[in-house]
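Please walk me through this structure step by step, as I am looking at it for the first time.

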Amino acid sequence: MKILVTGAAGFIGANFVYYELGRFPDDEIVGLDALTYAGNLETLDEALKNPKFKFVKADITDAAAIDALFAAEAFDLVINFAAESHVDRSIEDPGIFLRTNILGTQVLMDAALKYKVPRYHQVSTDEVYGDLPLNRPDLLFTERTPIHTSSPYSASKASADLLCQAYLRTFGLPATISRCSNNYGPYQFPEKLIPLMIANCLADKPLPVYGEGLNVRDWLYVVDHCKAIDLVARSDRIGEVYNIGGHNEMTNIDIVKLILKALGKPESLITYVTDRKGHDMRYAIDPQKITTDLGWAPETMFADGIVRTIDWYLTNRDWWERITSGEYLAYYEKMYGDR
Ligand SMILES: NC(=O)c1ccc[n+]([C@@H]2O[C@H](COP(=O)([O-])OP(=O)(O)OC[C@H]3O[C@@H](n4cnc5c(N)ncnc54)[C@H](O)[C@@H]3O)[C@@H](O)[C@H]2O)c1
């Protein structure tokens, strides 16, 4: 089997590449990435030593480059992880989110149709469902929850999902979609909550927490997510949407306090900053459908996953310290400097 993994130099895409190379050593993987600020080729250093893996630098909105790639490689499966993924950045500059997340998806699906790729999988997010109230813990997102987006990021991801379903219905694209809750684990770019807090803790820098830190997210260990995507993409469930969640709701402030405690740092490092515009209060996924259909369930308890993640950031300081210099620093100042 030959698989195209787009966004392969990003957090989940890279973890997926490693999961596949480990689990299916006979499969060939082409990892594609535009290497935006969020893509880091160093993350794929080990994969690049494997003859079954090949890296292609390309932009998914570049129709000519994508067409040439699909013409040259007979893919059996395309999995689209490539995206602009940070909500805060989508509030600052929505345009690039619409280009990559919507038009890039269109370009990939057009190529998949033209070259008759047997399977296309779209990696989406629970953010397409909007948010849930804090005082209704009984409510969870199911695959039937209406799309109701809050940020340019989630609107762009929802648009891609709708386009994908339209390609399935109109052109017969053999597609599946998965919508996942917040991931954590190795190789996550240090602008996202957990790696940002770990990095700041280690540098004894303030930990910026939006509002009162009461927003609730459903955290899933990235390898569990990769396993779920693999199951869906290799299943016979064409046309289905699957929610993927960790059964693990936590407030942002509890996560931050847990990281401080694990690293032996004082809570006085917490700095509350003006809340994000349109900040969703609570995400919570009901993953019953994927459990019933495909036998998937989250395996990593948060207590174990967070220890593993903190250990990874402690032993891979080179990886993230190089990132936290340069362009990223200027962005960080802009987002949090005067709040
Ligand atoms: N991280 C999460 O918690 C989470 C949760 C649910 C869904 N998702 C979805 O999972 C996917 C991967 O997320 P992530 O956290 O790994 O994101 P990420 O930002 O770490 O990685 C995205 C990758 O896509 C690449 N990319 C961006 N624009 C591109 C373009 N035009 N062409 C080719 N490559 C491009 C970037 O260089 C980067 O390597 C995204 O589609 C995201 O919406 C993420």
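The paragraphs below turn to the ligand and its surroundings, and then to one helix and the residue that follows it.

The model shown here is predicted, and a good place to begin is the ligand, which has 28 residues around it, with Ile-12, Asp-33, Ser-85, Tyr-153 and Lys-157 coming nearest. Three of these residues can be described through single atom pairs that involve an oxygen atom of the ligand. For Ile-12 the partner is a polar backbone atom, at 2.8 Å from a ligand oxygen, whereas for Asp-33 an N or O atom of the side chain is 2.5 Å from an oxygen atom of the ligand. In Tyr-153, a polar atom of the side chain lies 2.6 Å from a ligand oxygen. Taken on its own, the ligand has 840 Å² of accessible area, and the protein covers 96% of it.

The shell around the ligand draws on several elements, and helix H1 (11-23), strand E5 (120-125) and helix H6 (152-171) each supply at least two of its residues. The element that gives the most to this shell is E5, with three residues. Sorted by class, the residues of the shell are 14 nonpolar, eleven polar and three charged.

A further element to consider is helix H7, which spans residues 193-202 and is largely enclosed by the rest of the structure, because nine of its ten residues are buried. The buried residues of H7 are Ile-194, Pro-195, Leu-196, Met-197, Ile-198, Ala-199, Asn-200, Cys-201 and Leu-202. Just after H7, the chain reaches Asp-204, which takes a positive phi of about 55°.

Technical notes: Residues are numbered from 1 along each chain as its sequence is written. This is a predicted model: local features need pLDDT of at least 70, side-chain atom pairs count only at pLDDT 80 or more; totals for chains, interfaces and linings use all residues. Side-chain values use heavy atoms; hydrogens and water are left out. A residue is near a molecule or strand if one of its heavy atoms lies within 4 Å of it. A polar contact is a pair of N or O atoms within 3.5 Å; within protein, one must be able to donate a hydrogen and the other to accept it, and residues adjacent in sequence count only if both atoms are side-chain atoms. Accessible areas come from the Shrake-Rupley method with a 1.4 Å probe; for residues, only the protein chains shown count as cover. Helices (H or I, at least four residues) and strands (E, at least two) are DSSP runs, numbered from the N terminus. Ala, Val, Leu, Ile, Met, Phe, Trp, Tyr, Cys and Pro count as nonpolar, Asp, Glu, Lys and Arg as charged, and the others, Gly among them, as polar. Buried means under 20% relative accessible area, exposed over 50%, partly exposed in between (1.4 Å probe, protein chains only).
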